[in-house]
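Trainee: I would like to go through the labels used for this model and check each one against its cut-off. Can we take them one at a time?

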Amino acid sequence: MGLEYNAGVKELGIVANWRAVRETRTRPALIFGTSSDRIGTPNGQSYFATLSKSLQPHLGVPISPYVGLSYSEFEKRVLVPWGVNASLGRHWSATLLHDGVRSHLAATYNWQRYSVTALAVGNPDGKRDPGLNFSVSF
């Protein structure tokens, strides 16, 4: 649980995740949470439930797909976000994500409790805008 600041629209919000069901070899994890609304929205909070599953034990490759349901305050409707994360080594990962409206690409570097993510953000005209996210876990 923490705070999330969106400098682009000067909005402070709550970000929280709760893993309700732990992933096993045969069962996906179930996570509930809240965060700011989709990338690119001017305001709003989202509330979500997500299923995720590592396929490493089954396919031998370090990928983890996910799918969920998210209520968007900005859109005032339920969206279906999905994506896949790939581990690229000890500190690096890449993610293809669809927020329920647009697709984005992300590359993340994690080190101890810090992470930096470079984004290619999908926009309405089909082009990609650059983005950067920095986070600290406590």
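Trainee: Which residues is Ser35 in contact with, leaving aside its neighbours within four places in sequence?

Mentor: They are Glu4, Ile14, Val15, Gln45, Ser46 and Phe48, where contact means heavy atoms within 4.5 Å. This is a predicted model, so local features need pLDDT of at least 70 and side-chain atom pairs count only at pLDDT 80 or more, while totals for chains, interfaces and linings use all residues. Residues are numbered from 1 along each chain as its sequence is written, and side-chain values use heavy atoms, with hydrogens and water left out.

Trainee: Why is Ser35 called buried?

Mentor: Ser35 has a relative accessible area of 16%. Buried means under 20%, exposed over 50%, and partly exposed in between, with a 1.4 Å probe and protein chains only, so Ser35 is buried. Its place is in strand β3; strands are DSSP runs of E with at least two residues, helices are runs of H or I with at least four, and both are numbered from the N terminus.

Trainee: What makes Thr95 buried, and which side chain does the side chain of Thr95 meet in a polar contact?

Mentor: The relative accessibility of Thr95 is 16%, so Thr95 counts as buried. Thr95 sits in strand β8, residues 92-98. The side chain of Asn85 is the partner, at 2.7 Å. A polar contact is a pair of N or O atoms within 3.5 Å; within protein, one must be able to donate a hydrogen and the other to accept it, and residues adjacent in sequence count only if both atoms are side-chain atoms. The 2.7 Å between the side chains of Thr95 and Asn85 therefore fits the limit. Beyond four places in sequence, Thr95 also touches residues including Val84, His104 and Ala106.

Trainee: How do you know that Glu75 and Arg38 meet in a salt bridge?

Mentor: Side chains of opposite charge can pair when their charged atoms come close. The rule asks for a side-chain nitrogen of Lys or Arg within 4 Å of a carboxyl oxygen of Asp or Glu. Glu75 and Arg38 are at 2.7 Å, N to O, so the rule is met. Glu75 lies in the loop between β5 and β6 and Arg38 in the loop between β3 and β4, so the pair ties together parts that are 37 residues apart in sequence.

Trainee: Which residues are linked in a network of salt bridges?

Mentor: Arg38, Glu75, Arg77 and Asp99 are. Arg38 forms a salt bridge with Asp99, the closest N and O atoms being 3.6 Å apart. That pair links the loop between β3 and β4 with the loop between β8 and β9, 61 residues apart. Glu75 also pairs with Arg77, at 3.3 Å between the closest N and O atoms. By this rule the count comes to 4 salt bridges.

Trainee: Are the members of that network buried or partly exposed?

Mentor: Arg38 is buried at 11%, and so is Asp99. Glu75, at 23%, counts as partly exposed, as does Arg77 at 39%.

Trainee: What makes the pair of Trp111 and Tyr114 stacked?

Mentor: A pair of aromatic rings is described by the distance of the centres and the angle of the planes. Rings of Phe, Tyr and Trp (its six-membered ring) pair if their centres lie within 6.5 Å; planes under 30 degrees apart count as stacked, over 60 as edge-to-face and the rest as tilted. Trp111 and Tyr114 are 6.2 Å apart, centre to centre, with 20° between the planes, so the label stacked follows. Trp111 is partly exposed at 42%, and Tyr114 is partly exposed at 29%. Trp111, Tyr114 and Phe134 form one aromatic cluster, and a search of the whole structure finds 4 aromatic pairs.

Trainee: Where is His91 found, and which residues does His91 touch beyond four places in sequence?

Mentor: His91 is in the loop between β7 and β8. His91 touches Thr108, Tyr109, Asn110 and Trp111. A polar atom of the His91 side chain lies 2.7 Å from the backbone oxygen of Asn110. His91 and Tyr109 are 18 residues apart in sequence and 5.5 Å apart in space, C-alpha to C-alpha.

Trainee: Why does His91 count as partly exposed?

Mentor: Its relative accessibility is 23%, so His91 falls between the buried and exposed limits.
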